[in-house]
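Student: Could you take a close look with me at one part of this structure, the salt bridges? I'm new to it and would enjoy a guided tour.

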Amino acid sequence: DVERLAVALEGDPAALQAVRWPGRAERFPGNIFLDCAHNGAAAEALADWLRQGGVKPLHLVMGVMADKDVAKVVAPLAPLADSVTVVTPKYPRRLPAEQLAPAFEGYDLSVTVGTTVARALAERPRDKFCVVTGSGFLVGEARAYLTNQPFPELGLSTTAR
């Protein structure tokens, strides 16, 4: 569990650098970056990282769950982006992309309502750094597409949440 991992790594900062968590700060060829920032605090941390890295120009691919505070996820990231493609994750708790798009009103960026994360990635602007974010479920879909794996993984699906 995370708590035991933190205790184990406490005395060895270099060990923390070796930790890999798929879908968290994960980079793929073609300037694609995955981070499943799904709440305000995580979106703030991602935005801080993007600012510190001077990542520009920036394109977001975002999909969220309906039970999240969408404004708190969008607010830290939208001012950094030039464009965003909103998509509907393949998960029962999803927020339809058409309902996510208005969260970007008032920000200076172009908004596209996409059909799937795979299509959004295939059609992303190649001259921009692309960040897929907003939901672990969406990032799972993106990872499946980018690694040429079936989704959902192992044919598993759930409606438990």
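Student: Which residue forms a salt bridge with Arg-119, and how far apart are the closest N and O atoms?

Tutor: Happy to help! This is a predicted model, where local features need pLDDT of at least 70, side-chain atom pairs count only at pLDDT 80 or more, and totals for chains, interfaces and linings use all residues. Residues are numbered from 1 along each chain as its sequence is written, and side-chain values use heavy atoms, with hydrogens and water left out.

The partner of Arg-119 is Glu-123, with 2.8 Å between the closest N and O atoms. A salt bridge here is a side-chain nitrogen of Lys or Arg within 4 Å of a carboxyl oxygen of Asp or Glu. Glu-123 is exposed, at 54% relative accessible area, while Arg-119 is partly exposed at 46%. (Buried is under 20% relative accessible area, exposed over 50%, partly exposed in between, using a 1.4 Å probe and protein chains only.)

By this rule there are four salt bridges. Another one joins the side chains of Glu-26 and Arg-143, at 2.7 Å from N to O. That pair links distant parts of the chain, 117 residues apart: Glu-26 sits in strand β1 (residues 26–28) and Arg-143 in helix α7 (residues 136–146). Helices (H or I, at least four residues) and strands (E, at least two) are DSSP runs, numbered from the N terminus. Glu-26 is buried at 16%, and Arg-143 is partly exposed at 24%.

Arg-93 and Asp-67 also meet in a salt bridge, 2.7 Å from N to O. Arg-93 lies in the loop between β4 (83–86) and α5, and Asp-67 in the loop between β3 and α4, so this pair ties together parts that are 26 residues apart in sequence. Asp-67 is exposed, at 51%.
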